[in-house]
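Reader: Hey, I've got this fold open on my screen and I'm a bit lost. Can you walk me through it?
Author: Sure, let's look at it together.

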Amino acid sequence: MVKLRLKRCGRKQRAIYRIVAIDVRSRREGRDFRKVGFYDPIKNQTYLNVPAILYFLEKGAQPTGTVYDILSKAEFFKEKTSS
């Protein structure tokens, strides 16, 4: 099963997270299928590759709770339901 989840990057006390499509059994820094965005909690910036996220969601990938919240704040699901 594939999940959309966060992968920690950056240095100590200055974390930046990549949003990746990854197998459930992989560890947090394990090998991912594809990078689909990033989230910087310090600057509160988000970049989403919408076509890639839609592709994985259509294939059955499940976002984790945190990724779901990030997508909701970016109004990702409003765009998806309106089109």
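Reader: Okay, how do β2 and β3 pair?
Author: In this predicted model, β2 and strand β3 (residues 34–40) run antiparallel, with five bridges between them. Across that pairing, Tyr17 faces Tyr39 in β3.

Reader: And over how many bridges do β1 and β2 pair?
Author: Over 10 bridges, in the antiparallel sense, with β1 covering residues 2–11 and β2 covering residues 14–23. Leu6 sits opposite Ile19 in β2.

Reader: What's in between β1 and β2?
Author: Two residues, and the two strands form a hairpin. Gln13 in that turn has a positive phi of about 60°.

Reader: What's the strand order in the sheet?
Author: It goes β4-β3-β2-β1-β5, an open sheet of five strands with mixed pairing. β4 (45–48) and β5 (62–63) are at the edges with a single partner strand each, so each has one side without a neighbour in the sheet.

Reader: How does β4 pair with β3?
Author: Antiparallel again, over four bridges. Gly37 has Leu48 in β4 as its bridge partner.

Reader: Switching to helices. What does α1 touch?
Author: Helix α1 (residues 50–58) packs on the sheet and touches β1, β2, β3, β4 and β5. Its direction makes about 120° with that of β3.

Reader: And where does α2 lie?
Author: α2 lies across β1, β2, β3, β4 and β5, at about 85° to β1.

Reader: Which residues of α2 are buried?
Author: Val67, Ile70 and Leu71 are buried in α2, which spans residues 65–73. Looking down the axis of α2, the buried residues fall within an arc of 95°, so they line one face of the helix.

Reader: Why would residues a few places apart point the same way?
Author: An α-helix has 3.6 residues a turn, so residues three or four places apart point the same way.

Reader: Makes sense. What comes just after α2?
Author: Glu75, which takes a positive phi of about 60°.

Reader: So which residues have the most contacts inside the largest nonpolar core?
Author: Leu4, Ile19, Val36, Ile53, Phe56, Val67 and Leu71, in a core of 16 residues. β1, β2, β3, α1 and α2 each supply at least two residues of this core, and α1 gives the most, with four residues.

Reader: What does Val67 touch?
Author: Leaving out residues up to four places away in sequence, Val67 touches Leu4, Arg5, Leu6 and Ile19.

Reader: New topic: how many aromatic pairs are there?
Author: The count comes to two aromatic pairs. The rings of Phe38 and Tyr47 have centres 6.2 Å apart and planes at 25°, so that pair is stacked.

Reader: And what about Tyr55 and Phe56?
Author: Their ring centres are 5.2 Å apart and the planes are at 80°, so this pair is edge-to-face. Phe56 counts as buried at 10% relative accessibility, while Tyr55 is partly exposed, with a relative accessible area of 43%.

Reader: Last one: what does Ile16 touch?
Author: Ile16 lies in strand β2. Not counting residues up to four places away in sequence, Ile16 touches Lys7, Arg8, Cys9, Gly10, Phe38, Tyr39 and Asp40. Ile16 is partly exposed, with a relative accessible area of 33%.

Definitions and conventions:
Residues are numbered from 1 along each chain as its sequence is written. This is a predicted model: local features need pLDDT of at least 70, side-chain atom pairs count only at pLDDT 80 or more; totals for chains, interfaces and linings use all residues. Side-chain values use heavy atoms; hydrogens and water are left out. Buried means under 20% relative accessible area, exposed over 50%, partly exposed in between (1.4 Å probe, protein chains only). The arc is that of the directions from the helix axis to the C-beta atoms. Two strands pair if DSSP finds at least two bridges between them. Contact means heavy atoms within 4.5 Å. Axes are lines fitted to C-alpha atoms, for helices over the stretch in contact, and angles run from 0 to 180 degrees between N-to-C directions. A nonpolar core is a set of buried Ala, Val, Leu, Ile, Met, Phe, Trp, Tyr and Cys residues joined through side-chain atoms within 4.5 Å. Rings of Phe, Tyr and Trp (its six-membered ring) pair if their centres lie within 6.5 Å; planes under 30 degrees apart count as stacked, over 60 as edge-to-face and the rest as tilted.
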